[in-house]
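New to this one? Take a look at the structure first, and then we can walk through some of its parts together.

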Amino acid sequence: MSKPVDIAPATGKLGVLTPGMGAVATTLFAGVLAARKGLAAPYGSLTQLGHIRLGRRDDARNPLIKDFVPLASLDDLVFGGWDVYSDDAYAAAMKAGVLEPRHIESIGDELRLIEPMAAVFDHQWVRNLNDVDNVKEVEGSKMDQAEALMADIDRFRSEHGVERVVMVWCGSTESYRDPSEVHMDLASFEKGLKESHPDIAPSQIYAYAALQSDVPFANGAPNLTVDIPAMVELAEERGVPISGKDFKTGQTLLKTIVAPGLKARMLGVRGWFSTNILGNRDGEVLDDPESFKSKEVSKLGVLEQILQPELYPELYGELYHKVRINYYPPRGDEKEGWDNIDIFGWLGYPMQIKIDFLCRDSILAAPLALDLALFMDLAHRADRRGIQEWLSFYYKTPQHAPEIYPENDLFIQLTKLKNNLRQMMGEDLITHLGTEYYEK
Ligand SMILES: NC(=O)c1ccc[n+]([C@@H]2O[C@H](COP(=O)([O-])OP(=O)(O)OC[C@H]3O[C@@H](n4cnc5c(N)ncnc54)[C@H](O)[C@@H]3O)[C@@H](O)[C@H]2O)c1
């Protein structure tokens, strides 16, 4: 065993702030409030339900993760957020249509108290949101907008008496833009904020405000937010953790479960066609090609990395990968995703796999947002700063150091996460060697 890392205790309340109080955020709030009252169970959440093996298999030590590492408890969470619409969390949850009204009613009084703060928003970055009624009118530059957000965070801290705060981006997907000069270092970014540079997105203004306020930032959407050099520099300088991007739910979750299995058995993949229909506001935003481009980039990368066609050209060199998202209002949040996978085996004989996943987007995403809030807070108390690669498990496009490729295989990601927890607590890392049981 090694020495445990010094981790500050999880005393007092933890504020969880979400820019964006739509389907995912309100499902997160409602689920935690309901679990707190014993009305529902937090299925899907590793921090709440997961166990971790410690030591040898015959030691039979398998505590719950939440009993092993010092995490904030659900009772200590206080929620808040920003949105471009002024609906409180009760009204927003009703409109999102993820949860049934009877579930929302059971915690309705608490949800009504969560009112969105006025948002920093720019229509150019999310074109399909109209008639917004809760946007900050800040005189001056993007730096002034960032300062207004920092003032919001301070006010939230003192009004709710929270000891620590984390921020999880649950806002709409912004338009795709490649990073430019203004993102390359902190000095250029701050100059860009003062000059209201057009390449600085609202989500980046939130992230800047968070990091300056000692608040870890996790990005649940596919837009470039903390994965730019300027933000990595700021996070390291301020000693704050960052992670992203894009919650790994639905079709991509299944992809990163199935693809490692096919590759492990050296089965070839000729084509992978993914299409889905969804009718929530996220689907409406993604109906705009500019926002879809951010999502497409994030969804396409995973197969390439898992299958490594450069190492296995005969198995994956010809892979045709296509992803489609179709906005179809009758389905609401109840997305349906189809995958057709053309594979081949021994002597090149073709086979097909069809997956029809009738999923619920926000039901899959809410526990990820919860786990990220709790683990990002843990990381901060353990004095981990900058990119938190160990949280790749939660993301479609895990943020990583520039010189390496990201790890997308769900099972490697889980091993990585658990080994990081073991390392924090001074436990032996698990190698799965297994020879120790056969030594005389
Ligand atoms: N649900 C999932 O399974 C899933 C999976 C991966 C990623 N995501 C991403 O998570 C994000 C949230 O998803 P959702 O289903 O809750 O979407 P949603 O449309 O229901 O909610 C997003 C909210 O963000 C608000 N918003 C937009 N710009 C804002 C800004 N600048 N400041 C404050 N609020 C702003 C919108 O008004 C909206 O209420 C999306 O980017 C989505 O792509 C969701």
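Let's start with a pair of helices: Lys-142, Gln-145, Ala-146, Leu-149, Met-150 and Ile-153 in α7 meet up with Ile-205, Tyr-206, Tyr-208, Ala-209 and Gln-212 in α9. Sorted by class, that contact holds 8 nonpolar, 2 polar and 1 charged residues. Keep in mind that what you're looking at is a predicted model.

How do the two helices sit against each other? The axes of α7 (residues 142–160) and α9 (residues 202–212) come within 9 Å and cross at roughly 50 degrees. That angle makes α7 oblique to α9. As for handedness, the crossing of α7 and α9 is right-handed.

Now for the sheets. One is an open sheet of 7 strands, in the order β3-β2-β1-β4-β5-β6-β11, and its pairing is parallel. At its edges stand β3 (117–118) and β11 (386–387), each with a single partner strand, so one side of each has no neighbour in the sheet. Helix α15 (residues 361–381) packs on this sheet, where it touches β1 (13–19), β4, β5 and β6 (241–243). The direction of α15 makes about 130 degrees with that of β4.

There is also an open sheet of 4 strands, ordered β8-β7-β9-β10, and here the pairing is mixed. Its edge strands are β8 (320–327) and β10 (350–358), each pairing on one side only. On average, neighbouring strands in this sheet are turned by 10 degrees against each other, ignoring direction.

Here is one strand pair from each sheet:

| Strand pair | Sense | Bridges |
|---|---|---|
| β4 (residues 162–169) and β5 (residues 217–219) | parallel | 3 bridges |
| β7 (residues 268–278) and β8 | parallel | 8 bridges |

You can pick out facing residues too: Trp-169 stands opposite Asn-219 in β5, and Thr-275 stands opposite Arg-324 in β8.

Which strands does α13 lie across? They are β7 and β8, and α13 runs at about 150 degrees to β8.

One residue to look up in that helix is Glu-290, since α13 covers residues 289–307. Is Glu-290 buried, exposed or partly exposed? It has 18 other C-beta atoms within 10 Å, and being buried takes 20 or more while being exposed takes 12 or fewer, so Glu-290 counts as partly exposed. Leaving aside residues up to four places away in sequence, Glu-290 touches Arg-127, Ser-175 and Tyr-176. Gln-388 is another matter: Glu-290 and Gln-388 are 98 residues apart in sequence and 28 Å apart in space, C-alpha to C-alpha.

Methods:
Residues are numbered from 1 along each chain as its sequence is written. This is a predicted model: local features need pLDDT of at least 70, side-chain atom pairs count only at pLDDT 80 or more; totals for chains, interfaces and linings use all residues. Two strands pair if DSSP finds at least two bridges between them. Two residues are in contact if their C-beta atoms, placed from the backbone, lie within 7 Å. Axes are lines fitted to C-alpha atoms, for helices over the stretch in contact, and angles run from 0 to 180 degrees between N-to-C directions. Angles under 35 degrees count as roughly parallel, over 145 as roughly antiparallel, 65 to 115 as roughly perpendicular and the rest as oblique. A crossing is left-handed if the near helix is turned anticlockwise from the far one by less than a right angle, and right-handed if clockwise. Ala, Val, Leu, Ile, Met, Phe, Trp, Tyr, Cys and Pro count as nonpolar, Asp, Glu, Lys and Arg as charged, and the others, Gly among them, as polar.
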